[in-house]
Amino acid sequence: MAVRAKHQRLVLLGIALVALIGAGLLATWALRSQASYFYVPADMAANPPEADRAVRLGGMVERGSMKNAPDGITVNFIVTDGKARIPVRFAGIRPALFVEGSGVVAEGKLGPDGTFVADNLLAKHDEKYVPREMKDMQQARKAIENTK
Amino acid sequence: MLPEIGLGLLWLAAALAGLQLLAGGLSLTANGKGMAGIVRPVAMVQGVLAAAALGILIWLFVETDLSVKLVAENSHSAKPLMFKIAGTWGNHEGSMLLWVTVMGLGGAFVAAVERRLPEPTMMATLAGQAFVSLGFYAFLLFASNPFARLYPVPEDGNGLNPLLQDPGLAFHPPTLYLGYVGLSIAFSFAIGALITRQVGPDFARAMRPWVLGAWIFLTVGITAGSYWAYYVLGWGGWWFWDPVENASLMPWLAATALLHSASVLAARNALRAWTVMLGVVAFSMSMVGTFLVRSGILTSVHAFAVDPRRGGFILALLAIYIGGALLLFALRAATVTEGERFAITSREGALVFNNVMLSSILGITLIGTLYPLFTEAMGTKVSVGPPYFTPVSAMFAVPMFVVLLFGPMLRWRRDKFSRISPLLALPLVVAIAAGGWALAMGVRHVLPLLGLALGPALVVASFLPLRGRSVLRAPLSLWGMVIAHAGIGVALFGMASDSAFTVERLVAAKVGEVNQVGPWSIKLAEVAPIAGPNWTAMEGVLKARYDGGAEATLRPQSRTFWAPLQTNAVSALKTRWNGQLYTVLGDETLSDKGESRWQLRLWWKPYVPLIWIGGLLVALGGGLALLSRVAQDLKRRIARRKGDHRRDEVTALVQGDTVRGDAA
């Protein structure tokens with residue numbers, strides 16, 4: 001079946017445009033439902049994300065809050081920004097610089113009991129490689145330290 | 001003294017790039033034809049000078065000359081020699097110097113060997129290459145001088161990020177850069193062809209080996225980068241849709257599309273404007289990738305430049321080159337005449353489908369990668385990950401793979417589907433068998449199921465174009481296509497296996513304890529301290545048995561580097577023909593009774609190595625195709641030289657006759 005159109009070029013251009021615009025629309029629609037938003041504890045307490053939605057929670061690991069579960073791999077701790085406190089549970093191998101009083105970004109979902117279940121923790125890697133959100137939390141940290 | 005010589009060489013190279021642009025441009029005008037003679041030599045000298053500057057920087061790193069700021073900030077005298085050399089490009093300035101060196105040498109290479117194009121197009125191409133180089137020279141000299149001195153001279157250097165202290169680093173950036181910058185040559189060819197309005201089969205044939213070369217390096221670079229992330233990061237994943245990974249994937253997608261559309265243009269003189277457009281897009285994606293990775297917009301092990309001025313500089317370069325090229329395209333595209341027609345069921349039709357699907361995947365990857373930057377400008381922080389990229393890209397990839405089952409068997413110009421449909425029975429049977437096997441293994445998710453069924457079918461189908469030919473006498477380029485397409489099927493099977501069959505265990509094990517993961521039983525025999533040249537570590541000794549078979553030893557470590565002070569896990573792998581056991585050692589934790597336990601993360605990943613084996617097959621296929629093109633070109637050159645020689649002889653004889661005749 002040959003294309004009898006006078007301008008095959010226009011037909012091809014049309015097909016390419018339709019596919020690309022379709023891809024663009026699909027992308028925008030999918031992004032709206034699949035992008036994971038970044039929360040600080042105050043946001044999450046005031047306006048919790050719906051269950052089953054992947055989000056990121058960033059803040060300071062509260063001093064004295066880190067507790068190892070008896071199974072040896074689960075850790076419970078509290079993430080705070082000085083305004084609100086969110087309990088977090090994580091099972092896995094912790095990043096090297098994940099310590100109390102330091103910043104952390106947890107990726108996961110908020111459970112129905114109000115505990116944030118993290119499936120990945122991003123901690124400061126070293127002085128040079130700091131997760132992006134964490135840089136913005138320097139002020140939060142200072143605020144917390146000033147209240148002590 | 002040496003750093004100043006290096007800087008001087010860079011300035012000289014930049015000046016030569018300026019001359020190359022000027023002379024190349026002038027040679028296109030009526031009065032400047034005489035300038036054409038110097039363009040090729042200038043391009044060659046420029047490449048050599050840039051390479052000499054890079055050589056000096058490497059020497060400074062090897063010597064650990066701490067009076068050079070870059071060395072002091074990124075190296076350390078106690079580092080092993082290989083990482084001193086590799087550390088040269090493990091930082092912003094050094095990697096940009098590598099970029100201009102590769103670009104200069106690429107231009108020099110084109111100038112030295114490329115003879116197929118009409119001379120004006122060649123001059124425009126070399127001028128275009130110089131124009132792009134100049135921007136990057138300016139970036140180096142004004143915003144990221146690699147040879148800057150430091151005073152006072154420090155006691156010792158800061159060291160290199162331990163994640164980068166891996167043999168993979170020695171090859172990963174140069175390989176990717178050869179790919180990125182190789183696409184700059186396709187870009188310059190496209191610009192040259194647009195300027196002189198010479199878009200045709202000759203242009204496609206001249207450009208194709210360069211695109212093929214760049215594409216091979218990109219394929220190898222992405223495959224190696226994926227394996228590096230898999231075993232160094234210790235997360236057990238092979239692709240994270242991280243922005244830096246997308247930055248290398250996008251040029252690859254564009255180059256893959258360009259490769260296929262260039263073959264249509266070369267063979268059938270169709271898809272003219274589209275091919276030129278892809279030439280512009282492919283290098284644009286390389287630059288967008290560099291911008292994303294190097295500007296500090298993203299935080300990763302790749303984001304060296306925290307200086308916002310540098311981000312602005314790259315953004316300006318991006319605007320000039322991409323904007324300028326698109327403007328030129330808009331002005332000239334209308335004058336590129338329409339190519340040959342073809343039917344929908346034809347090789348061209350299948351390749352157009354491949355191009356549209358690849359461009360769509362490129363589009364959604366670009367949108368997903370840039371989206372967080374846009375929302376952040378609006379004040380909302382989001383991250384976009386696999387839940388977006390994987391299903392959305394699969395919507396375009398799966399139809400593309402289905403067309404790949406039969407596309408290579410279609411004839412050019414016009415074909416009948418009924419001619420090839422009997423041949424499709426074989427891949428169809430394979431797909432059904434593989435899908436049934438996956439269902440029986442308990443795979444229920446749609447995408448892994450599709451991948452497991454399509455992968456083997458693709459491998460079988462890719463060999464069908466060889467039917468009816470003598471296997472030994474089939475052209476090398478056909479073999480290249482067959483192997484590359486089979487590699488896609490192999491990699492697809494590995495990817496689907498990873499999501500379908502991977503089993504994971506996370507345990508806190510006492511020394512002597514045995515744990516089970518999939519068919520493996522793994523005993524933690526001991527945990528002992530050990531020391532390396534610039535690190536100390538806790539090393540776990542694991543004794544693993546597959547299904548009661550022979551014992552294998554794995555030694556995962558948790559390493560602490562002391563320059564800079566940092567800890568990271570080094571995984572240990574055991575590869576079998578049917579998969580890979582992947583182990584990571586974590587922290588020591590105490591149980592309620594105070595007993596010491598070690599966290600262990602154990603994965604059994606059936607068939608996963610096929611992902612990288614597939615990737616290498618794709619690159620090998622590209623290599624064979626390139627070899628065949630180069631061999632053909634050499635043969636033609638030799639034949640032409642012989643022909644010229646004979647014609648000269650004949651002319652001499654004939655002239656001799658005429659002279660004698662005149663005398664008589």
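The paragraphs below go through a predicted model, beginning with confidence and ending with one sheet of chain B.

Because the model is predicted, local features need pLDDT of at least 70 and side-chain atom pairs count only at pLDDT 80 or more, while totals for chains, interfaces and linings use all residues; side-chain values use heavy atoms, with hydrogens and water left out. Residues are numbered from 1 along each chain as its sequence is written, and chains are lettered from A and ligands numbered from 1 in the order in which they are written.

The predictor assigns the complex an ipTM of 0.83 and a pTM of 0.90. For chain B the average pLDDT (the predictor's confidence in each residue, from 0 to 100) is 89, and 95% of the residues score at least 70. Residues 299–305 of chain B stay under 50 in pLDDT, and the model has 28 contacts beyond four places in sequence for them; a contact means heavy atoms within 4.5 Å. Where pLDDT is low, the predicted coordinates should not be read in detail.

Chain A contains 4 helices and 7 strands. Helices (H or I, at least four residues) and strands (E, at least two) are DSSP runs, numbered from the N terminus. Their order from the N terminus is α-β-α-β-β-β-β-β-β-α-α. Of the 148 residues in chain A, 45% are buried, that is, under 20% relative accessible area (1.4 Å probe, protein chains only). Among contacts in chain A between residues at least 6 apart in sequence, 49% join residues at least 24 apart.

In chain B, 4 strands make an open antiparallel sheet in the order E2-E11-E10-E9. Two strands pair if DSSP finds at least two bridges between them. At the edges lie E2 (503–509) and E9 (572–576) of chain B, each pairing on one side only. From one strand to the next the twist averages 20°. Helix H8 (residues 201–232) of chain B packs on this sheet and touches E9, E10 and E11 of chain B, its direction making about 35° with that of E10(B). Such angles run from 0 to 180 degrees between N-to-C directions, with axes fitted as lines to C-alpha atoms, for helices over the stretch in contact.

Strand E10 (residues 579–590) of chain B is joined to E11 (residues 596–606) of chain B by 10 bridges, and to E9(B) by 5 bridges. A hairpin of 2 residues links E9(B) to E10(B). B:Gln580 in E10(B) stands opposite B:Thr575, and its bridge partner in E11(B) is B:Lys605.

Conventions
Buried means under 20% relative accessible area, exposed over 50%, partly exposed in between (1.4 Å probe, protein chains only).
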